[in-house]
Amino acid sequence: MTAMSAAAIEDFLDEVFPHRQGTIEGVGTRRATMSLAIEDEHLRPGACVSGPCMLGLADVCFYVAILAEIGPEAMAVTTDLNCHFLRRARGDRDLIANAQIIKLGRRLAVGKVELFSAGEEEPVAIVTVTYALPDPM
(Lines give C-alpha, C1' and ligand atoms only; values in the text may rest on other atoms or scores of the structure.)
Protein backbone atom coordinates (compact mmCIF):
# COMPACT_ATOMS: atom_id res chain seq x y z
CA MET A 1 0.00 0.00 0.00
CA THR A 2 1.29 3.44 -0.90
CA ALA A 3 1.54 6.43 1.45
CA MET A 4 0.01 8.77 -1.16
CA SER A 5 -2.36 8.25 -4.08
CA ALA A 6 -1.71 9.65 -7.55
CA ALA A 7 -4.36 12.34 -6.96
CA ALA A 8 -2.82 13.35 -3.62
CA ILE A 9 0.63 13.55 -5.22
CA GLU A 10 -0.74 15.74 -8.06
CA ASP A 11 -2.24 18.10 -5.46
CA PHE A 12 1.02 18.19 -3.49
CA LEU A 13 3.10 18.86 -6.63
CA ASP A 14 0.71 21.63 -7.69
CA GLU A 15 1.63 23.30 -4.41
CA VAL A 16 5.41 22.70 -4.21
CA PHE A 17 6.47 22.06 -7.83
CA PRO A 18 3.89 23.71 -10.11
CA HIS A 19 6.22 24.11 -13.12
CA ARG A 20 6.83 20.37 -13.53
CA GLN A 21 5.74 18.68 -16.74
CA GLY A 22 3.88 15.44 -17.21
CA THR A 23 0.80 13.68 -15.92
CA ILE A 24 0.77 10.94 -13.31
CA GLU A 25 -0.82 7.85 -14.83
CA GLY A 26 -0.49 5.68 -11.74
CA VAL A 27 1.50 4.79 -8.65
CA GLY A 28 2.09 1.47 -6.93
CA THR A 29 4.47 -0.10 -4.47
CA ARG A 30 7.86 1.40 -5.33
CA ARG A 31 6.61 2.37 -8.81
CA ALA A 32 5.17 5.28 -10.76
CA THR A 33 4.13 5.86 -14.34
CA MET A 34 3.84 9.26 -16.00
CA SER A 35 3.19 10.54 -19.50
CA LEU A 36 4.05 13.73 -21.32
CA ALA A 37 2.08 14.93 -24.33
CA ILE A 38 4.81 16.00 -26.74
CA GLU A 39 4.48 19.49 -28.21
CA ASP A 40 6.78 21.47 -30.52
CA GLU A 41 8.54 22.98 -27.48
CA HIS A 42 9.79 19.49 -26.51
CA LEU A 43 11.43 18.76 -29.85
CA ARG A 44 14.94 19.18 -31.16
CA PRO A 45 15.95 19.27 -34.83
CA GLY A 46 14.92 16.06 -36.57
CA ALA A 47 11.50 15.97 -34.86
CA CYS A 48 12.69 13.92 -31.91
CA VAL A 49 12.15 14.60 -28.22
CA SER A 50 15.01 16.57 -26.64
CA GLY A 51 17.26 15.05 -24.00
CA PRO A 52 16.46 17.72 -21.37
CA CYS A 53 12.75 17.00 -21.82
CA MET A 54 13.33 13.28 -21.36
CA LEU A 55 15.50 13.77 -18.28
CA GLY A 56 12.98 16.15 -16.75
CA LEU A 57 10.17 13.61 -17.05
CA ALA A 58 12.38 10.82 -15.68
CA ASP A 59 13.37 12.93 -12.67
CA VAL A 60 9.79 13.91 -11.82
CA CYS A 61 8.54 10.36 -12.30
CA PHE A 62 11.10 9.00 -9.83
CA TYR A 63 10.15 11.76 -7.37
CA VAL A 64 6.51 10.67 -7.71
CA ALA A 65 7.49 7.06 -6.93
CA ILE A 66 9.31 8.27 -3.80
CA LEU A 67 6.35 10.43 -2.68
CA ALA A 68 4.05 7.44 -3.09
CA GLU A 69 6.26 5.55 -0.61
CA ILE A 70 7.24 8.18 1.98
CA GLY A 71 4.43 10.73 1.75
CA PRO A 72 4.61 14.49 1.12
CA GLU A 73 8.24 15.56 1.33
CA ALA A 74 9.26 18.66 -0.58
CA MET A 75 12.95 18.34 0.25
CA ALA A 76 13.67 14.94 -1.27
CA VAL A 77 16.15 15.99 -3.95
CA THR A 78 18.06 14.51 -6.87
CA THR A 79 21.72 13.80 -6.12
CA ASP A 80 22.58 11.79 -9.22
CA LEU A 81 20.94 11.19 -12.57
CA ASN A 82 22.56 9.19 -15.38
CA CYS A 83 20.95 8.56 -18.75
CA HIS A 84 21.62 6.06 -21.50
CA PHE A 85 19.89 7.24 -24.68
CA LEU A 86 19.10 4.11 -26.66
CA ARG A 87 17.14 5.33 -29.68
CA ARG A 88 15.27 8.35 -30.99
CA ALA A 89 12.18 9.33 -28.99
CA ARG A 90 9.49 10.02 -31.56
CA GLY A 91 8.19 13.56 -31.67
CA ASP A 92 4.75 12.44 -32.85
CA ARG A 93 4.00 10.29 -29.78
CA ASP A 94 3.59 10.87 -26.06
CA LEU A 95 6.60 10.12 -23.87
CA ILE A 96 5.98 7.48 -21.18
CA ALA A 97 8.09 7.08 -18.02
CA ASN A 98 8.07 4.01 -15.78
CA ALA A 99 9.96 4.51 -12.51
CA GLN A 100 11.00 1.77 -10.11
CA ILE A 101 12.63 2.23 -6.72
CA ILE A 102 15.37 -0.36 -6.29
CA LYS A 103 16.49 0.67 -2.80
CA LEU A 104 14.70 2.93 -0.36
CA GLY A 105 16.85 3.65 2.65
CA ARG A 106 16.70 6.23 5.43
CA ARG A 107 18.90 8.74 3.59
CA LEU A 108 18.92 7.65 -0.08
CA ALA A 109 16.54 6.28 -2.68
CA VAL A 110 18.04 4.58 -5.74
CA GLY A 111 16.18 3.45 -8.81
CA LYS A 112 15.68 3.47 -12.53
CA VAL A 113 13.30 5.01 -15.01
CA GLU A 114 12.59 3.56 -18.43
CA LEU A 115 11.34 5.99 -21.06
CA PHE A 116 9.25 4.95 -24.05
CA SER A 117 7.61 6.52 -27.06
CA ALA A 118 3.94 5.61 -26.61
CA GLY A 119 3.06 2.39 -28.42
CA GLU A 120 6.67 1.23 -28.69
CA GLU A 121 7.92 -1.87 -26.86
CA GLU A 122 11.59 -0.92 -26.63
CA PRO A 123 12.72 1.92 -24.34
CA VAL A 124 14.21 5.06 -25.84
CA ALA A 125 16.29 5.68 -22.71
CA ILE A 126 17.15 4.17 -19.35
CA VAL A 127 17.87 6.55 -16.49
CA THR A 128 19.38 5.68 -13.12
CA VAL A 129 18.49 8.07 -10.32
CA THR A 130 19.55 8.68 -6.73
CA TYR A 131 17.63 10.96 -4.39
CA ALA A 132 18.72 12.26 -0.99
CA LEU A 133 15.97 12.01 1.60
CA PRO A 134 15.77 14.51 4.45
CA ASP A 135 16.29 13.42 8.04
CA PRO A 136 13.01 12.49 9.69
CA MET A 137 11.90 15.05 12.26
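Two strands count as paired if DSSP finds at least two bridges between them. The model used in these exercises is predicted.

**Exercise 1.** Determine in which sense strands E7 and E8 pair, and over how many bridges.

*Solution.* Step 1: locate the strands; E7 covers residues 108–117 and E8 covers residues 125–132. Step 2: count the bridges; there are eight, and the sense is antiparallel. Step 3: apply the cut-off of at least two bridges; with eight bridges, E7 and E8 are a pair. Step 4: pick out one position; leucine 115 lies opposite alanine 125 of E8.

**Exercise 2.** Find which strands stand at the edges of the sheet, and explain why one side of each is left without a neighbour.

*Solution.* Step 1: write the order of the six strands, E1-E2-E6-E7-E8-E5, in an open sheet with antiparallel pairing. Step 2: read off the edges; these are E1 (23–28) and E5 (77–85). Step 3: each edge strand has a single partner strand, so one of its sides has no neighbour in the sheet. Step 4: add the twist; neighbouring strands are turned by 20° against each other on average, direction ignored.

**Exercise 3.** Describe how helix H1 packs with helix H2, and which residues make the contact.

*Solution.* Step 1: two packed helices are described by the angle between their axes and the distance between the axes. Step 2: for H1 (residues 6–16) and H2, the angle is about 115° and the axes are 10 Å apart. Step 3: the crossing of H1 past H2 is right-handed. Step 4: H1 contributes Ile9, Phe12 and Leu13, while H2 contributes Tyr63, Val64, Leu67 and Ala68. Step 5: sorted by class, this contact has seven nonpolar residues, no polar and no charged ones.

Definitions and conventions: Residues are numbered from 1 along each chain as its sequence is written. This is a predicted model: local features need pLDDT of at least 70, side-chain atom pairs count only at pLDDT 80 or more; totals for chains, interfaces and linings use all residues. Side-chain values use heavy atoms; hydrogens and water are left out. Helices (H or I, at least four residues) and strands (E, at least two) are DSSP runs, numbered from the N terminus. Axes are lines fitted to C-alpha atoms, for helices over the stretch in contact, and angles run from 0 to 180 degrees between N-to-C directions. A crossing is left-handed if the near helix is turned anticlockwise from the far one by less than a right angle, and right-handed if clockwise. Contact means heavy atoms within 4.5 Å. Ala, Val, Leu, Ile, Met, Phe, Trp, Tyr, Cys and Pro count as nonpolar, Asp, Glu, Lys and Arg as charged, and the others, Gly among them, as polar.
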